[in-house]
Protein chains: 4
Amino acid sequence: MDNVTVNFFREDGIEAPVLIEGLPGIGHVGKLVADHLIDELGGELVAEIYSLHFPPQVVVDERGVTELVCNEIYRCEKDGKAILFLVGDFQSTSAEGHYILTESYLDIAEDLGVQRIYALGGYGVGHLVETPRVLSAVNMEQLRPEVEAAGGSFENAGTGGVIVGASGLLLGLGEVRGIEGICLMGETSGYIVDPKSADSLLGVLCSLLGIEVDHTSLQERAEDMEQAIEKIREAEEAKSREELNYIG
Amino acid sequence: MDNVTVNFFREDGIEAPVLIEGLPGIGHVGKLVADHLIDELGGELVAEIYSLHFPPQVVVDERGVTELVCNEIYRCEKDGKAILFLVGDFQSTSAEGHYILTESYLDIAEDLGVQRIYALGGYGVGHLVETPRVLSAVNMEQLRPEVEAAGGSFENAGTGGVIVGASGLLLGLGEVRGIEGICLMGETSGYIVDPKSADSLLGVLCSLLGIEVDHTSLQERAEDMEQAIEKIREAEEAKSREELNYIG
Amino acid sequence: MDNVTVNFFREDGIEAPVLIEGLPGIGHVGKLVADHLIDELGGELVAEIYSLHFPPQVVVDERGVTELVCNEIYRCEKDGKAILFLVGDFQSTSAEGHYILTESYLDIAEDLGVQRIYALGGYGVGHLVETPRVLSAVNMEQLRPEVEAAGGSFENAGTGGVIVGASGLLLGLGEVRGIEGICLMGETSGYIVDPKSADSLLGVLCSLLGIEVDHTSLQERAEDMEQAIEKIREAEEAKSREELNYIG
Amino acid sequence: MDNVTVNFFREDGIEAPVLIEGLPGIGHVGKLVADHLIDELGGELVAEIYSLHFPPQVVVDERGVTELVCNEIYRCEKDGKAILFLVGDFQSTSAEGHYILTESYLDIAEDLGVQRIYALGGYGVGHLVETPRVLSAVNMEQLRPEVEAAGGSFENAGTGGVIVGASGLLLGLGEVRGIEGICLMGETSGYIVDPKSADSLLGVLCSLLGIEVDHTSLQERAEDMEQAIEKIREAEEAKSREELNYIG
């Protein structure tokens with residue numbers, strides 16, 4: 001098995017200038033926005049990414065069928081604009097794996113003609129936020145005015161902040177390849193799946209993309225996701241119990 | 001040393017269409033059933049699997065002779081049906097190792113003509129179960145009716161469950177190779193070696209295999225295994241004490 | 001991605017016989033001294049070092065622009081003497097990574113004609129020190145008199161001490177390549193960024209280098225660094241909160 | 001850097017049929033006996049072994065000179081019998097590293113004509129032992145009578161015991177190469193450097209080797225080792241404090 005395996009379901013006509021990353025993170029804000037957009041825009045699954053840097057497990061779906069842990073690439077078109085999405089439920093299990101996986105994500109992006117990446121996430125503040133800001137970072141300074149014009153804030157700059165995992169490395173390693181990177185982080189308590197934060201983030205993102213989408217189902221989607229996460233948490237606890245019982 | 005080394009004791013005439021995995025896991029249900037079947041069917045040891053992804057240790061047997069940590073492949077024939085078994089006392093020590101080892105298990109399976117894998121395990125519920133169900137998962141949807149007909153339940157489907165380690169990956173990575181995968185998990189508290197759960201599991205498995213075996217020695221075998229595990233636990237504790245005393 | 005990537009901003013005329021290492025460590029003494037010297041001597045950034053053995057993250061700077069985690073090589077000239085500096089905010093995330101990164105540092109040193117390395121650090125004693133000594137170690141015995149003449153103490157010798165991470169390995173692996181190595185460790189409590197310890201260390205180092213630099217801004221620089229570290233600590237805590245919220 | 005580097009100080013005339021391993025372990029019993037024998041027999045250092053699987057650090061000796069972490073091969077001759085020793089202060093930092101290092105140790109053994117390995121260690125029982133037994137394991141059953149005739153006990157056989165790290169793998173992986181392996185473990189509390197246990201172990205080992213050595217300095221040597229370990233413990237604690245102060 002290679003470190004990373006990418007299976008394309010379609011090879012032709014899947015280029016796009018923009019990739020949006022919405023992998024799991026704080027408050028599930030990025031994931032919530034990306035999943036919502038894919039749904040609203042009618043996304044098509046174009047590739048699956050498997051890796052031995054993901055957790056060594058399968059997920060049992062509602063039919064009782066197992067699915068190998070993977071992340072996915074979706075593609076949408078809206079008003080003649082093509083957008084790719086990198087989504088899924090997993091990040092690397094190791095520090096080195098984050099670098100290796102992100103290089104693979106960037107290989108895919110380059111192959112499909114991506115010139116700009118939006119990395120979506122949450123910005124945890126540990127308390128409830130009435131009007132969540134969308135805190136931002138860019139990997140090339142000239143991108144900043146455009147983000148500010150769309151409502152993104154840079155008030156977090158200069159606070160010694162770091163962006164960990166795929167979101168951060170897509171900007172950092174993307175810059176080496178000349179791919180523009182914009183990280184948008186919805187302010188959130190970090191304790192719940194946060195539809196209010198996602199709402200703010202979706203506003204700024206759509207402004208940057210120059211598209212319009214309906215926001216109304218975000219609240220409901222957040223509740224569904226909260227329930228799904230609760231189930232996974234219970235399964236994780238069962239898994240921990242199991243591991244305590246291994247002989248080896 | 002390679003990542004994984006496989007030593008075959010015999011090369012010819014060891015093909016079989018079915019492989020049963022019974023590595024250690026919750027309640028030792030899978031291991032108990034696999035060991036019982038090998039014994040009842042008169043299994044022959046056909047291969048040993050060594051790996052640097054196993055714990056770095058040897059086991060001292062009853063003669064005082066050391067055996068390098070390994071898993072084993074057995075082969076049985078019953079009523080003209082050939083069955084392979086993957087058994088042993090160890091799983092990988094690392095996340096990546098689970099992927100690497102499972103790919104090796106599947107290489108062996110493919111080489112020996114295996115078309116279907118049964119992965120056996122326990123399904124921990126944290127409390128005693130009067131009439132243990134055999135919860136199930138499959139890696140291809142069309143396998144489900146056959147499992148249900150044999151008494152397997154899919155009531156666990158849709159609860160966000162995951163199957164970790166070799167059992168899960170045999171289904172997930174096996175599906176990529178076109179090998180059918182059925183995971184059978186006997187409901188169990190998870191706190192003891194559970195012969196009642198194993199009894200239920202054995203019933204469903206034999207129905208699927210179309211063979212009959214005696215169940216009567218399962219209870220006694222469970223007690224022996226409980227004692228062996230107790231010894232290993234004590235040795236593990238001694239090992240922990242030892243590690244605290246290393247200089248390096 | 002390779003394990004380690006080195007980007008040179010300039011190829012010619014950057015040789016130097018001496019390299020000073022000031023990576024993060026106890027009391028930030030080594031880092032404080034190295035950063036101070038680069039500033040006072042007007043250092044030029046000549047190379048950046050990236051690696052998958054560093055933490056998988058980017059740092060957001062004061063403009064809101066992300067920078068991939070890296071260490072840096074600076075070059076200064078003073079009184080006709082050329083000096084290289086290895087500085088940055090990161091050490092390896094794994095034990096093996098320390099060896100791999102240090103070999104890369106030594107490859108750079110060898111390519112640039114370095115014959116001697118000064119590894120700077122702190123020597124934590126757990127309590128405040130009125131007059132901090134500069135405790136020392138060398139990788140070739142004949143270097144000791146020169147260090148003692150400059151005010152370095154060897155009173156720590158024979159206490160079973162170890163030097164961990166890049167500082168230690170630059171001496172140990174440097175010796176194999178015939179590069180002289182001198183480790184200077186300012187005595188410090190270890191609880192604060194310690195300008196008094198840095199002051200002592202700077203004195204011994206300048207004497208060894210045969211140069212003079214102003215010490216007056218060390219105090220202010222220590223206060224700035226203390227604040228920067230506080231911000232990073234807060235960001236790290238936010239990161240920990242974030243990781244607790246991952247699904248995968 | 002390779003995973004493991006072996007430097008020979010002499011190439012010719014260093015063959016020997018026997019290798020004794022005395023790396024750190026419980027009660028430092030094996031190390032104490034091996035170091036004692038090297039001293040009594042006048043051992044010559046013939047090789048050093050470096051590896052990125054050892055801790056990433058250097059040790060500062062009594063002269064203030066750093067030494068890269070390594071293990072060592074010594075060679076002794078007594079009554080026309082040549083014996084090699086594998087000693088040092090370190091074991092691998094990772095599970096995989098134990099396998100990789102042990103294969104290197106066995107490569108050296110094979111190159112030097114070794115036909116039998118004695119792996120020395122302690123057997124921790126958690127309480128003081130008045131008359132310590134020498135518990136034993138072999139990697140080929142036919143070796144057992146010889147060990148019993150020399151006073152080794154096999155009363156530990158059949159208790160589910162495991163032998164971890166280099167001692168265990170030298171027997172397990174050695175057997176694959178046809179090298180005889182005998183593990184001798186002196187019963188010990190595990191809490192102190194145990195000269196009484198070492199005394200028992202030395203008796204059985206010398207009987208097996210067919211040589212005689214003086215035991216009288218074992219007690220003093222144990223006291224010296226206890227002090228050296230205490231210093232290293234203190235240095236380790238200082239190291240832990242240091243690591244807490246890293247930025248990265």
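Which contact, if any, joins chain A and chain D, and how far apart do their closest C-alpha atoms lie? The points below take this up together with the other chain pairs.

1. Basis of the note. This is a predicted model, in which local features need pLDDT of at least 70 and side-chain atom pairs count only at pLDDT 80 or more, while totals for chains, interfaces and linings use all residues. Residues are numbered from 1 along each chain as its sequence is written, chains are lettered from A and ligands numbered from 1 in the order in which they are written, and side-chain values use heavy atoms, with hydrogens and water left out.

2. Chain pairs without contact. No contact (heavy atoms within 4.5 Å) joins chain A and chain D, and their closest C-alpha atoms lie 11 Å apart. Chain B and chain C are likewise not joined by any contact, with closest C-alpha atoms 11 Å apart.

3. Symmetry. A turn of 90° with a shift of 0.0 Å along the axis lays chain A on chain B with an RMSD of 0.0 Å; copies are superposed by least squares on the C-alpha atoms of residues with pLDDT of at least 70 in both. This is the relation of a four-fold axis. The C-alpha of chain A nearest the axis belongs to A:Ser94, 7.3 Å from it. Chain C can be laid on chain A by a turn of 90° and a shift of 0.0 Å along the axis, again with an RMSD of 0.0 Å. In chain C, the C-alpha nearest the axis is that of C:Ser94, at 7.3 Å.

4. Interface of chain A and chain B. Here the contact takes 31 residues from chain A and 43 residues from chain B. The two chains bury about 3,200 Å² between them, 64% of it on carbon and sulfur atoms; buried area is the accessible area (1.4 Å probe) that two parts lose on being put together, summed over both. One salt bridge is counted between chain A and chain B, the term denoting a side-chain nitrogen of Lys or Arg within 4 Å of a carboxyl oxygen of Asp or Glu. A:Arg63 forms a salt bridge with B:Glu141, with the closest N and O atoms 2.8 Å apart.

5. Interface of chain C and chain A. This contact draws 31 residues from chain C and 43 residues from chain A, and about 3,200 Å² is buried between the two chains, 64% of it on carbon and sulfur atoms. A salt bridge links the side chains of C:Arg63 and A:Glu141 (2.8 Å, N to O). Only 6% of the interface residues of chain C are also interface residues in chain A, so the copies meet through different surfaces.

6. Nonpolar core. A nonpolar core is a set of buried Ala, Val, Leu, Ile, Met, Phe, Trp, Tyr and Cys residues joined through side-chain atoms within 4.5 Å; buried means under 20% relative accessible area (1.4 Å probe, protein chains only). The largest such core has 164 residues, of which A:Tyr105, B:Tyr105, C:Tyr105 and D:Tyr105 touch the most other members. Leaving aside neighbours within four places in sequence, the contacts of A:Tyr105 include A:Leu23, A:Phe54, A:Asn71 and A:Leu170.

7. Cysteines. There are zero disulfides over all chains, a disulfide being a pair of cysteine sulfur atoms within 2.5 Å. C:Cys70 is buried, with a relative accessible area of 12%, and its sulfur is too far for a bond because the closest cysteine sulfur, in C:Cys76, is 17 Å away. C:Cys76 is buried at 2% relative accessible area; its sulfur is 11 Å from the closest cysteine sulfur, in C:Cys206, and therefore too far for a bond.

Definitions and conventions. Buried < 20%, exposed > 50% of the residue type's maximum accessible area, 1.4 Å probe, protein only.
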